[in-house]
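Colleague: I should like to learn how to read the features of a structural model. May we work through one together?

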Amino acid sequence: MHAFQPLPFEDSVGAWVPHGRFQLASSAPGPLDGLRFAAKDLFDVAGQPTGAGNPDWLATHGPALAHSAVVDTLLRAGATLMGKTVTDELAYSIHGDNVHYGAPRNTRAPDRVTGGSSSGSAAAAAAGLCDFALGTDTGGSTRVPASYCGLWGLRTTHGRLSAEGLVPLSPRYDTATWLAADADVFARVGEVLMAGEPARRWRGAVVLQDACEQAEAPFQSLIERVTAQAADMLGDAVQATRASATDLETWRGAYITLSAQDAWRTHGAWIEATRPRFAPAVEGRWRAAASVDAEAAARAATLQETLRAELRALLGEDRYAILPSASSAALRRDADAATVDRVRAQTFRITSLAGLAGLPQVSIPFLGEDGLPYGVSVLGPAGSDLALIRLAGELGKRAGALGTAGAQAVAQ
């Protein structure tokens, strides 16, 4: 039996789903003793329902029989689970506004969205209501909220963490991830979840100019700041280049086609049988997913293999890339649909790089000159997750990132 207790605090930012307001103590002492974490409502917790951001999913699925593999690992490492947080419906958005459960509040920029689909997890971590929070990242669902909310976040190497007990969106691209406001906490979680990764020595870095071109002006000085620190650490072994000879709109198109086809294969039968209530934008994505042409998907799959090989060859085994985590600051909560769609497309031209290549990417949080949060990312070879987390922590400390000792020095 699991001894669930109510949350010991008020949810001041609308981060938790109604059925997820519970706490569960750690199952054993360990390296995460004293840390509290929340889980996006895609992760199974034994004895509790998993809602996936949609009341019809919640109504048609009973309580989980076992913890997700990631939740179980964290509980066994000493962390305490503080319930379940809001996600965009079936994780099919990067905006952070759920028509059923609301838009969690971004304490770093209260008039702006958190980003999604790990919206509640980002809101909870940014507000300090938990020490870290589990998210997922398929097309940017953790990297974007991390950038919007001033948090440390990542996309893990595809397949690096178990997806057991995790509601999928597109298994071809889904990854389990986490966010934290503090760099040391972020790294502690990585040491547990990525235990056993061999050491790696970085010998060079590249700045992805085509990705940088998709981002708005405030990112540029922050990217320059991180690049300067990378050059100092590497003895100037940093060069500017392009991620690909192919334009990034082609990358985005391949990702959108393949992820949509995969998502419909995963959930189409349930959608047709249940006729769930979706927000208009999410409903539109599911309609598009249902109509993906098989020949178009086959062409996109062939293109993905080419693009994947291209980016992996650029990095090799000992280089990392520097790029923006999103294309803009968090959008205003009242942004019109056309603006949301435009920014979504620009952001996917950036985030689809790691997605199509199956690579890890860590977002380092900064405050821009306008006072808004922005994320600068480092992208590494497959399987370099822990080394990339350690690298990001050092770069962030030197460059004055949020959640590091260096942040105060730069702010003064």
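Colleague: With which residue does K84 form a salt bridge, and how far apart are the closest N and O atoms?

Modeller: Please bear in mind that this is a predicted model. A salt bridge is recognised when a side-chain nitrogen of Lys or Arg lies within 4 Å of a carboxyl oxygen of Asp or Glu. Here K84 is paired with D41, and their closest N and O atoms are 3.5 Å apart. The two partners come from distant parts of the chain, 43 residues apart. K84 belongs to strand β4 (residues 80-85), whereas D41 sits in the loop between β3 (36-40) and α1 (55-60).

Colleague: How many salt bridges does the count come to by this rule?

Modeller: The count comes to 16 salt bridges. Another example joins the side chains of R277 and D56, with an N to O distance of 3.1 Å.

Colleague: Into which domains is the chain divided?

Modeller: Domain 1 covers 5-194 and domain 2 covers 204-399. Their centres, taken over C-alpha atoms, are separated by 20 Å. To the contact, domain 1 contributes 56 residues and domain 2 contributes 61 residues.

Colleague: What area do domain 1 and domain 2 bury between them?

Modeller: The size of an interface is often given as the accessible area lost when the parts come together. In this model the two domains bury about 4,900 Å² between them, with 59% of it on carbon and sulfur atoms. On the side of domain 1, Y92, R112 and Y173 supply 16% of the area buried against domain 2, more than any other three residues. Between domain 1 and domain 2 the count is 3 salt bridges.

Colleague: Let us turn to helix packing. At what angle do helix α8 and helix α9 pack?

Modeller: Helix α8 (residues 248-274) and helix α9 (residues 280-290) pack at about 105°, and their axes are 9 Å apart. Angles of 65 to 115 degrees count as roughly perpendicular, so α8 is roughly perpendicular to α9. From α8, the residues A260, A263, W264, H267 and I271 meet W286, A289 and A290 of α9. By class, the residues of this contact are 7 nonpolar, 1 polar and no charged.

Colleague: Which residues make the contact between α2 and α5?

Modeller: The geometry should be read beforehand. The axes of helix α2 (residues 69-76) and helix α5 (residues 183-193) come within 10 Å and cross at roughly 110°. That angle makes α2 roughly perpendicular to α5. The contact involves V70, T73 and L74 on α2, together with V189, V192 and L193 on α5. It comprises 5 nonpolar, 1 polar and no charged residues.

Colleague: Finally, I would like to examine the backbone. Which residues does a cis peptide bond join?

Modeller: Most residues other than glycine have a negative phi, and most peptide bonds are trans. In this model a cis peptide bond joins G116 and S117, with omega about 10°. S117 lies in the loop between β4 and α3 (119-126).

Colleague: What is the phi of A91, and where is A91 found?

Modeller: A91 is not a glycine, yet its phi is positive, at about 65°. A91 is found in the loop between β4 and α3.

Terms used: Residues are numbered from 1 along each chain as its sequence is written. This is a predicted model: local features need pLDDT of at least 70, side-chain atom pairs count only at pLDDT 80 or more; totals for chains, interfaces and linings use all residues. Side-chain values use heavy atoms; hydrogens and water are left out. Axes are lines fitted to C-alpha atoms, for helices over the stretch in contact, and angles run from 0 to 180 degrees between N-to-C directions. Helices (H or I, at least four residues) and strands (E, at least two) are DSSP runs, numbered from the N terminus. Angles under 35 degrees count as roughly parallel, over 145 as roughly antiparallel, 65 to 115 as roughly perpendicular and the rest as oblique. Contact means heavy atoms within 4.5 Å. Ala, Val, Leu, Ile, Met, Phe, Trp, Tyr, Cys and Pro count as nonpolar, Asp, Glu, Lys and Arg as charged, and the others, Gly among them, as polar. Domain bounds come from an automatic or database domain assignment. Buried area is the accessible area (1.4 Å probe) that two parts lose on being put together, summed over both.
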